[in-house]
Amino acid sequence: MKNKSILFIALLTLFSCKENTTEIATITIINSNSIKDTIGIYDFEYDIIKSIPISKKERITDTLSIKEGYYLLKEKENYHVTYLNPSIKINLHIENDTIKFSGVGGNENNYLIKKEKFINSLTSTAPSSSSYTSLTEDRYLDLVNSNYNKKVNFLNKFENLNERFLELETESFYYDKMVQLVFYESNLQYLKNDNSFKVSKNFPQLYNNLDLTNEKLLIHYNYLFYVNSYLKIKTAEKLKKNPNLDEVITKLETTDEDIDNIKLKERIIFWNYKWSFVNSKNIDKAYQKFNLIVKNESYKKIIKDKYFKTKKIGKGDIAPTFKLINKDDNFISLSDFKGNIVYIDIWNTYCKPCIVEIPKFEKLKNRFSKKKIKFISICVNSPKENWKKMIEKKNLTGIQLFSKESNGEFFEKFMFNSAPRYILIDKEGKIVESHAGKPSDQKLIEEIERLLK
């Protein structure tokens with residue numbers, strides 16, 4: 001998943017499948033202030049679907065070939081969840097910093113704007129990574145259920161909403177709730193650094209009602225996370241019996257075995273595989289397995305491109321360089337550290353797992369402080385002022401670098417798409433691990449000690 005917006009993290013409840021279609025939706029943009037800008041329509045992975053230039057016109061109409069689903073509408077730097085379907089003919093009114101809708105689909109999209117504010121109001125009581133360790137299991141369950149009921153009650157206050165839309169919203173609340181539940185155990189394992197942690201026997205049975213037959217559920221982004229968590233558990237069971245199995249390939253095979261619905265199977269494999277295939281011990285075999293299972297040509301084309309990009313850079317290759325600013329606004333390049341082992345932490349200020357690892361990163365740095373190794377922290381996709389505040393708040397030391405966006409040769413060649421991400425480079429500037437272990441990983445420490453000999 002891309003770390004470009006806190007909104008994306010807060011509203012992981014919605015999704016749209018991108019497939020070619022001749023069905024048309026109409027959007028009319030009414031720009032009261034004649035502001036020169038562009039309206040963008042994106043999917044929930046921040047891939048652009050259409051860009052609509054406003055220029056200085058007060059009114060502009062455009063059409064979209066689109067399937068029913070939830071999308072992200074971007075105006076200026078703001079992303080808003082938007083519901084579109086082929087019969088929609090909405091008017092988007094822009095005035096100062098406010099937007100509102102009218103026309104066919106206007107009620108549904110005005111609701112989503114208000115829902116966005118309501119969800120933000122729940123943030124203080126919503127389960128987050130920082131609250132996992134401070135809440136008992138019972139209290140956590142109460143909080144999840146309470147917020148679910150609040151969302152349902154909020155929806156019920158609105159009149160004149162399309163019946164199909166009401167059905168979708170109700171489903172989205174359910175999958176949002178299930179994701180909060182399925183992540184509880186794994187997040188606490190991560191935060192406690194204890195893989196043996198298990199929820200109690202009283203914890204809800206998470207997969208009793210999991211539907212693996214209905215591809216229409218793919219409209220909900222959290223449905224993908226829900227199914228993926230089930231497949232992850234099934235894969236882990238196989239790996240426990242045989243640790244020598246390749247996790248990526250095993251998960252591909254598990255998905256193929258457990259899901260019969262072709263569209264559902266291919267979409268889940270594609271979504272999962274495009275983020276994880278670089279972690280395979282045998283990328284060539286994983287790519288071949290993907291092509292044996294998936295027949296959707298648009299998916300195959302995207303993965304083929306990623307595969308050949310990955311093949312261009314791997315273990316033993318010279319690492320692509322960067323040129324980024326430090327906290328004093330001086331430019332620092334990766335080539336400045338040649339002759340040293342380099343361990344890189346790519347993070348952002350709103351990533352809870354990233355922040356959890358920071359003290360462990362500092363501890364690792366201190367452990368090897370007298371050795372020929374440099375520890376570099378790169379904050380990316382975050383406001384610069386938030387980065388500087390975090391440096392002061394956490395008393396971060398050493399090489400702290402900043403990149404406003406994850407673009408440029410370094411990020412593109414390493415196929416960076418989510419934080420945290422760790423990279424290990426040897427003294428000659430060659431890649432040791434493009435997906436290195438986290439700072440608390442004992443295997444990483446052993447690898448560093450080996451390279452220092």
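**Salt bridges and a buried strand**

Trainee: How many residues apart are R450 and E447 in helix α14?
Mentor: Both lie in helix α14 (residues 442-452; helices are DSSP runs of H or I, at least four residues, and strands runs of E, at least two, numbered from the N terminus). About one helical turn separates R450 from E447, because they are 3 residues apart. This is a predicted model: local features need pLDDT of at least 70, side-chain atom pairs 80 or more, and totals for chains, interfaces and linings use all residues. Numbering starts from 1 along each chain as written, and side-chain values use heavy atoms, without hydrogens or water. The spacing asked for is 3 residues.

Trainee: What is the N to O distance in the salt bridge of R450 and E447?
Mentor: R450 is partly exposed at 47% relative accessibility, while E447 is buried at 19% (buried is under 20%, exposed over 50%, partly exposed in between; 1.4 Å probe, protein chains only). Their side chains meet in a salt bridge (Lys or Arg side-chain nitrogen within 4 Å of an Asp or Glu carboxyl oxygen). The N to O distance is 2.7 Å.

Trainee: How many residues apart in sequence are the parts that E68 and R164 tie together?
Mentor: E68 forms a salt bridge with R164, with closest N and O atoms 3.1 Å apart. E68 sits in the loop between β4 and β5 and R164 in helix α5, so the pair ties together parts separated in sequence by 96 residues.

Trainee: How many residues of strand β13 are buried?
Mentor: On one side I399, L401 and S403 are buried, and on the other Q400 and F402. Strand β13 (residues 399-403) is therefore largely enclosed by the rest of the structure, the buried count being 5 of the 5.
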